[in-house]
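Reader: Hello! I'm new to this structure and would love a close look at one part of it, with enough of the surroundings to find my way.

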Amino acid sequence: MHKDLDTLIITPEEMGRIDRAAAASGLSGYGLMERAGQAVAAAALRRFPGALRFAVLCGPGNNGGDGYVAARALQEAGAAVAVHALGDPGSLKGDAATAFKAFDGTVAPLAAYGPRPGDVVIDALFGAGLSRDLPEEAVRIIEAVRDSVLPVLAVDLPSGIDGRTGAVRGDAFAAAATVTFMCRKPGHLLLPGRTLCGEVEVFDIGIPARILAGHAGHMRVNTPAVWRIALPVETGATHKYVRGHLAVFSGPATATGAARLSASAGLRAGAGLVTVLSPPEALAANAAHLTAVMLKPVGGPDDLAVLLDDERLKTFVLGPGFGDFGKARTYVREIAGRGRRLVLDADGISAFRDEPDALFRLFAGGEPRLVLTPHDGEFARLFPDLAEDAGLSKIERAQKAAARSHAAVILKGADTVIAAPDGRALVNANAPPWLATAGSGDVLAGIAGAHLAQGMPAFEAAASAVWRHGEAGRAAGEGMTAEDLVGALRGFDRTG
Ligand SMILES: NC(=O)C1=CN([C@@H]2O[C@H](COP(=O)(O)OP(=O)(O)OC[C@H]3O[C@@H](n4cnc5c(N)ncnc54)[C@H](O)[C@@H]3O)[C@@H](O)[C@H]2O)[C@H](O)CC1
Ligand SMILES: [K+]
């Protein structure tokens with residue numbers, strides 16, 4: 001697979017344009033379908049050598065066409081095959097009709113399929129073309145297959161998954177594996193689609209990279225290849241101030257741990273210096289637990305103003321355990337007004353729930369200086385209309401939010417999306433489930449702060465933070481705590 005295509009994510013709509021462009025360039029559409037179906041058959045034989053029978057369920061469009069090609073290839077390989085069609089296969093059009101005619105065997109109605117032990121189901125009902133909830137007939141078969149616990153190999157996408165959003169339309173197969181073509185679609189990466197796809201195989205059916213790239217948007221899987229070029233340069237002469245000074249605001253005496261987690265993550269992630277800015281009454285609590293991280297009292301906006309006279313202090317994290325919404329807004333105004341960079345997390349985000357536009361105005365224009373790290377609940381506070389719009393995918397929600405706020409937005413979850421104001425978006429895929437633990441978000445905010453402090457652009461700082469956070473989670477292993485996560489943070493892999 002072409003290296004650049006590995007990380008590209010293509011929407012079904014873009015894929016349609018790519019198909020048309022491929023046809024216009026003289027590429028045979030049926031040739032693509034033939035290779036797609038052959039790849040499915042090969043995957044079926046490789047993955048399920050013990051199958052007694054392959055039940056190939058074919059839909060009314062080109063996904064069904066892939067199914068007929070696969071059925072023919074499986075039959076030619078000597079496997080037992082039962083083909084069932086949704087609708088009248090005689091009314092298939094174009095390449096799918098060609099594929100159906102080339103299949104030399106009986107085709108029974110979908111409703112006549114009765115799951116048998118030893119069956120492997122090849123789901124070629126709907127793929128990228130799914131445009132509404134599944135018909136009742138398909139839902140009944142999905143239920144029957146689920147009840148009989150048969151393995152499913154999905155063609156392109158498990159039927160019922162919306163390729164653009166990852167949402168379930170009515171019901172969906174839960175596949176053991178999915179064979180898709182050229183590039184992953186959002187539905188392979190966004191929840192719940194991701195978990196229903198099983199293992200995803202991406203097969204190159206021969207659409208030239210230049211056609212794909214010409215019609216693709218700016219969505220990718222979050223990997224180092226995307227942001228490696230923006231990593232801070234390591235030189236022998238690197239000085240601690242060159243590696244940046246990060247300041248993290250602490251909450252009150254009863255809630256100081258979150259800021260310390262952010263601060264220690266920031267130091268570990270590469271900031272040259274990290275200072276916790278603490279309310280005076282919380283100094284003792286913070287001092288008792290800090291060593292390499294420095295500590296300074298900040299009681300109010302006047303203290304902060306004095307601190308900001310030090311030009312080297314360019315980057316802040318505000319939000320973890322912060323508590324005081326009024327003070328949060330005041331500090332954010334001061335930081336923005338003095339041209340500094342900010343990771344706004346947790347309470348820092350909630351502080352602007354009544355006036356999100358005021359926050360966006362503070363950071364409008366110029367090189368993005370703000371990283372927002374909301375989970376879904378916090379996202380709804382800043383972007384209530386986007387959160388409510390059920391028609392948007394998580395990627396689209398994050399893209400619109402980033403454009404509106406002029407911030408790099410990290411929309412957290414098991415399928416974290418990172419978006420830039422210019423439309424670039426990444427879906428993260430390296431986070432283990434146990435990363436969702438108390439304090440995990442504080443650690444992420446600290447890593448993002450460290451990257452900003454080292455001069456990385458906001459989007460790349462955010463994306464690489466999410467990735468390193470995921471890697472640390474994997475290294476720390478199941479049962480880890482947020483402290484373990486900090487300890488498991490590793491340096492950047494600059495190779496490859
Ligand atoms: N370049 C590629 O990746 C290639 C992909 N191939 C395969 O083609 C399908 C997409 O085919 P398409 O005909 O566009 O869509 P579907 O087969 O998924 O849908 C068929 C058909 O059904 C109608 N429809 C949509 N939703 C419903 C519904 N809920 N109920 C009833 N009917 C519905 C809709 O109007 C469509 O016309 C892709 O997934 C690949 O598997 C090519 O084979 C090779 C090139
Ligand atoms: K399918």
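By class, how many nonpolar, polar and charged residues does the shell around ligand 1 have?

Author: Happy to help! Please keep in mind that this is a predicted model. The shell around ligand 1 has 13 nonpolar residues, nine polar ones and five charged ones. Together, 27 residues surround the ligand, and the closest are G61, N62, N63, G127 and G129.

Several helices take part here. At least two residues of the shell come from each of α2 (12–24), α3 (29–47) and α4 (62–76). Of the elements around ligand 1, α4 gives the most, with five residues.

From the shell, you can follow α3 to a sheet. This helix lies across β1 (53–58), β4, β5, β6 (177–181) and β7, and runs at about 155° to β6. Those strands belong to an open sheet of seven, paired in parallel and ordered β3-β2-β1-β4-β5-β6-β7. At the edges stand β3 (107–109) and β7 (199–203); each has a single partner strand, so one side of each is left without a neighbour in the sheet. On average, neighbouring strands of this sheet are turned by 25° against each other, direction ignored.

For a single pairing in this sheet, try β4 (residues 119–124) and β5 (residues 152–155). These two strands pair in the parallel sense over three bridges. If you look for D123, you will find that its bridge partner in β5 is A154.

Further along the chain, strand β15 (residues 408–411) makes a nice second stop. Here is a general point to carry with you: in a regular strand the side chains alternate between the two faces of the sheet. In β15, A408 and I410 are on one side, V409 and L411 are on the other, and all four are buried, which leaves both faces covered.

Now look at the strands beside β15. Strand β14 (residues 370–372) runs parallel to β15 and is joined to it by two bridges. Within this pair, V371 stands opposite A408. Strand β16 (residues 417–419) runs antiparallel to β15, with three bridges between them. There, I410 stands opposite I418. Five residues separate β15 from β16 in the hairpin that they form, and in its turn G413 has a positive phi of about 145°.

For contrast with the buried residues of β15, visit P384, found in helix α18 (residues 384–388). P384 has 12 other C-beta atoms within 10 Å and is exposed, because a residue with 12 or fewer counts as exposed. P384 and R353 are 31 residues apart in sequence, while their C-alpha atoms are 9.3 Å apart in space.

Finally, let's step back to the whole chain. The protein has 22 helices and 17 strands. Its radius of gyration is 26 Å, close to the 23 Å that the globule rule gives for 496 residues, so the protein is as compact as a globular protein of that length. The C-alpha trace spans about 80 × 45 × 45 Å along the principal axes. Buried residues make up 51% of the 496. Among contacts between residues at least 6 apart in sequence, 73% join residues at least 24 apart.

How values were computed
Residues numbered from 1 in each chain as written. Chains lettered and ligands numbered in written order. Predicted model: local features only at pLDDT ≥ 70, side-chain atom pairs only at ≥ 80, totals over all residues. Buried ≥ 20, exposed ≤ 12 C-beta atoms within 10 Å, placed from the backbone. Pairing = 2+ DSSP bridges. Near = placed C-beta within 6 Å. Nonpolar A, V, L, I, M, F, W, Y, C, P; charged D, E, K, R; others polar. Axes fitted to C-alpha atoms, helices over the stretch in contact; angles between N-to-C directions. Contact = placed C-beta atoms within 7 Å. Rg over C-alpha atoms; globule rule 2.2 N^0.38 Å.
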